[in-house]
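Me: I've got a structure to get my head around, and I'd like to ask how we know what we say about it. Can you take it slowly?

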Amino acid sequence: MAAYVCTRFCINKSKDSIRFIQRRFRVKTKWAATRPKFPATELALHNFDTSYSIQLRDLWPSIRVAMLCEQKYGALINSFSSAPNVINELEAQGCKDFISIDCTRNEVHLSSQDSTTSHRASTELQSSISPDIKCLVFPKGDISRFKPAGPDSSGILGYYLLDAASVLPVLALDVQAGHTVLDLCAAPGGKTLALLQTHSVNYLWANDLSGSRTMRLRRTLQSYLPKEFLDENKIHITSTDGRQLGMTEEKSFDRVLVDVPCTTDRHSAMVEENNIFKRSRTKERQKLPLLQTQLLLDPGHATGWKSCVLYLFPVPAAE
Ligand SMILES: C[S@@+](CC[C@H](N)C(=O)[O-])C[C@H]1O[C@@H](n2cnc3c(N)ncnc32)[C@H](O)[C@@H]1O
């Protein structure tokens, strides 16, 4: 076991003059330093292989490949922007609205089943998908990059880039006209913006624990919404622990989106920096499932909120 000697100089006060005496310390190497050091990305991938292969079974190999490939973005069209020809220009580059494509595909799939059930299911699906949410993507296998969105005459940007899957929980929330909505973990605001694209939300409360991320959320909304929309009576932004919100506020909501903090799997498998699988962050990572559960359950119990969508990725907790 390796050990090293460290020297330090001290002042000897018993003598008339100040002298420097060299002291020697033997420092034992801590056992933790001898543990094998895996890069955080390797540890993350090992954890994912162990847990997701059980949870996702045959789907895991293709999801694994997708996770290790370059991220593919979708352009969430901002219906508050009057920038001309945004959709036409994206379509001219080969992009398509994946929401309407998937909707049609489901209809086709359903029509091969019993006709009454199929008709009911497809009508329900159609009615739950807001025609106002449009998210354009490049075709399968095409990882072209979107150009940065341009502003309209009032400076409002034409589209917001996000992982297209982020739109799905918003669709599942099935917001109806006049609904009050709480977005409990909202920053940096992709899903908040998608929620507002439905034009059905009467009052939105967007909250996030992190102050700096809440600032980002505010900036996002300022860049994508007309000024009059950012009125406190319509959109309320706070930076509070979501687990305590229900204890202090006696509001009720028609819909609650709980987009819990997660292990950010693609980042964890690809980038060492700020990686939650670093040994120094083991405790934080292992506490995530509890935090996620508390965020989902506690406020709901306190106020009787009507519905929650938990946007939860399975989080491998063991090292
Ligand atoms: C997955 S991200 C949310 C992404 C966001 N919904 C979007 O679409 O842009 C999870 C967020 O939860 C926040 N968070 C973590 N702990 C929280 C807590 N106790 N209460 C509220 N928010 C929390 C994090 O700061 C982070 O911004």
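Me: Where is the place of Asn85?
Reply: This is a predicted model, by the way. Asn85 sits in the loop between β3 (73–77) and α3 (86–92).

Me: What makes the phi of Asn85 worth pointing out?
Reply: Asn85 isn't a glycine, yet its phi is positive, at about 55°. Most residues other than glycine have a negative phi, so a positive one goes against the usual pattern.

Me: Which peptide bond is cis?
Reply: That's the one from Ala187 to Pro188, with omega near 5°. Most peptide bonds are trans. Pro188 lies in the loop between β7 (179–183) and α7.

Me: Why is α1 called roughly antiparallel to α2?
Reply: Start with the value: α1 (residues 40–55) and α2 (residues 60–68) pack at an angle of about 150°, with axes 10 Å apart. Angles over 145 degrees count as roughly antiparallel, so α1 gets that label relative to α2. As for handedness, α1 passes α2 in a right-handed crossing.

Me: How do you know that Arg213 makes a polar contact with the ligand?
Reply: An N or O atom in the Arg213 side chain is 2.6 Å from a ligand oxygen. The cut-off for such a pair is 3.5 Å, so this one counts. Asp259 passes too: one of its polar side-chain atoms lies 2.6 Å from a ligand nitrogen. With Gly189 the backbone does the job, as an N or O atom there is 3.0 Å from a ligand oxygen. The protein buries 87% of the 610 Å² that the ligand exposes when taken alone.

Me: What surrounds the ligand?
Reply: 22 residues, with Asp208, Arg213, Asp241, Gly242 and Asp259 the closest. By class, the shell has ten nonpolar, six polar and six charged residues. Helices α7 (190–196), α9 (242–248) and α11 (282–303) each supply at least two of the shell's residues.

Key: Residues numbered from 1 in each chain as written. Predicted model: local features only at pLDDT ≥ 70, side-chain atom pairs only at ≥ 80, totals over all residues. Heavy atoms only, no water. Near = heavy atom within 4 Å. Polar contact = N/O pair within 3.5 Å; in protein donor to acceptor, adjacent residues only side chain to side chain. Areas by Shrake-Rupley, 256 points an atom, 1.4 Å probe, with all protein chains shown as cover. Helix = DSSP H or I, 4+ residues; strand = E, 2+ residues; numbered from the N terminus. Nonpolar A, V, L, I, M, F, W, Y, C, P; charged D, E, K, R; others polar. Axes fitted to C-alpha atoms, helices over the stretch in contact; angles between N-to-C directions. Parallel < 35°, antiparallel > 145°, perpendicular 65-115°, else oblique. Left-handed = near helix turned anticlockwise from the far one by under 90°.
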